[in-house]
Amino acid sequence: MGKASKDKRDIYYRKAKEEGWRARSAFKLLQIDEEFNIFEGVKRVVDLCAAPGSWSQVLSRKLYLPAKAAAQSRDEELPLIVAIDLQPMASIEGVIQVQGDITSARTAEVVIKHFDGCKADLVVCDGAPDVTGLHDMDEFVQSQLILAALTIVTHVLRVGGKFIAKIFRGKDTSLLYCQLKMFFSTVTFAKPKSGRNSSIEAFAVCENYNPPEGFDPNNLYKLLEKAGNPYGDDSDCCSAWLEGPNKLYIPFLACGDLSGYDADQSYPLPKVDADGTSYQSLEPVQPPIAPPYKTAIELKKSSHGMKDV
Ligand code: SAM
């Protein structure tokens with residue numbers, strides 16, 4: 001697909017470049033905020049699986065930069081934003097980067113150290129494994145990533161805090177809902193307008209962190225096992241709020257301006273740009289600095305070279 005053709009078919013890809021976002025996913029977090037007001041009162045936030053960094057950019061623009069501008073007149077502490085990914089990413093103002101695996105206990109420890117005994121108000125996780133195209137497999141690996149994120153949440157989030165996590169809708173969505181509902185008073189599954197309808201991706205918006213009494217974050221996995229299987233016998237954890245068909249059908253809430261751009265539509269390119277010149281496709285704002293596919297491309301190039309020789 002040519003660049004201009006992609007600009008036409010993917011309006012959010014085009015808008016991301018125009019507005020200086022590193023990835024179109026920035027719009028998903030912005031649209032979740034429009035619906036759920038997730039940034040209100042947030043002073044400390046963790047961005048899990050952050051590369052190439054468009055969600056961290058949103059956090060920087062929404063929280064850090066306005067506070068920095070205001071801090072010049074008031075003596076206020078600046079928001080703390082910690083971003084983690086397996087991949088390195090180019091720096092963003094006001095964002096502390098940690099390169100690490102969120103499934104490892106060591107990464108959780110590093111995050112906790114950055115908060116210096118204080119707790120976060122918000123944890124966001126847009127993590128995704130390399131998708132295989134096998135939905136059951138992708139959904140399973142994704143849910144493991146969410147549970148790793150939830151482990152970090154139980155260590156760093158303050159009571160009353162919020163957690164936003166990417167999920168893949170599938171047959172085990174109700175189990176995941178069950179597990180999240182053990183820790184949060186309100187859990188909503190949201191589908192931002194900037195995501196494609198055809199995609200199984202959605203976001204769990206978990207509000208008011210409220211872990212079970214006596215909960216020990218080091219015992220998370222034992223506790224999650226208690227959630228049981230929502231299709232089978234009720235466990236004590238699920239039965240109170242999942243009845244009958246609700247076990248199978250969990251509402252998804254569309255968010256973002258519903259009369260705004262549709263991610264599944266093509267939009268004609270403007271004939272002339274704002275400055276009067278003919279339409280030019282923009283380069284991506286900040287390509288990944290060390291993407292995992294780089295080695296594969298180099299190997300492919302060198303094997304072509306060998307054939308030419
Ligand atoms: N939110 C990002 C943005 O707006 O730019 C996009 C995130 S991208 C869809 C998914 C990221 O998850 C990738 O950068 C990948 O490296 C990261 N990831 C996957 N598994 C991970 C893990 N176990 N630990 C840390 N990061 C992980």
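**View 1. A run of buried residues in helix 3.** In helix 3 (residues 26-36), the buried residues are Ala 26, Phe 27, Lys 28, Leu 29, Leu 30, Gln 31 and Ile 32. Please keep in mind, here and in every view below, that this is a predicted model. Follow the chain just past the end of helix 3 and you meet Asn 37, which has a positive phi of about 50 degrees.

**View 2. The shell of residues around the ligand.** Here we turn to the ligand, which has 22 residues around it. Those that come nearest are Cys 49, Ala 51, Ser 54, Ile 102 and Asp 126. By kind, the shell holds 12 nonpolar residues, 6 polar ones and 4 charged ones. Two elements to look for are helix 4 (54-71) and strand 2 (80-85), since each of them gives the shell at least two residues.

**View 3. Lys 166, annotated as an active site.** The label "active site" on Lys 166 comes from UniProt, in an unreviewed entry. You can find Lys 166 in strand 5, which covers residues 157-168. Is Lys 166 buried or exposed? Lys 166 is buried, because 22 other C-beta atoms lie within 10 Å, and the cut-off for a buried residue is 20 or more. Setting aside neighbours within four places in sequence, Lys 166 has contacts with Cys 125, Asp 126, Gly 127 and Ala 128, and also with Glu 201 and Phe 203. One of these contacts, Asp 126, is also among the residues that come nearest to the ligand.

**View 4. Asp 85, one of the annotated binding-site positions.** The unreviewed UniProt entry gives the feature "binding site" to Gly 53, Trp 55, Asp 85, Asp 101 and Asp 126. Asp 85 belongs to strand 2. Asp 85 counts as buried because it has 23 C-beta neighbours inside 10 Å. Apart from residues within four places in sequence, its contacts are Cys 49, Ala 50, Ala 51 and Gln 99. Cys 49 and Ala 51 may look familiar: both are listed among the residues that come nearest to the ligand.

**View 5. Asp 101, a binding-site position in a loop.** Asp 101 also carries the "binding site" annotation from UniProt. Look for Asp 101 in the loop that runs between strand 3 (95-99) and helix 5 (105-115). With 13 other C-beta atoms within 10 Å, Asp 101 is partly exposed. When residues up to four places away in sequence are not counted, Asp 101 touches Leu 86 and Thr 107.

How values were computed. Residues numbered from 1 in each chain as written. Predicted model: local features only at pLDDT ≥ 70, side-chain atom pairs only at ≥ 80, totals over all residues. Near = placed C-beta within 6 Å. Helix = DSSP H or I, 4+ residues; strand = E, 2+ residues; numbered from the N terminus. Nonpolar A, V, L, I, M, F, W, Y, C, P; charged D, E, K, R; others polar. UniProt positions renumbered as here; feature names shortened; annotations may be inferred. Buried ≥ 20, exposed ≤ 12 C-beta atoms within 10 Å, placed from the backbone. Contact = placed C-beta atoms within 7 Å.
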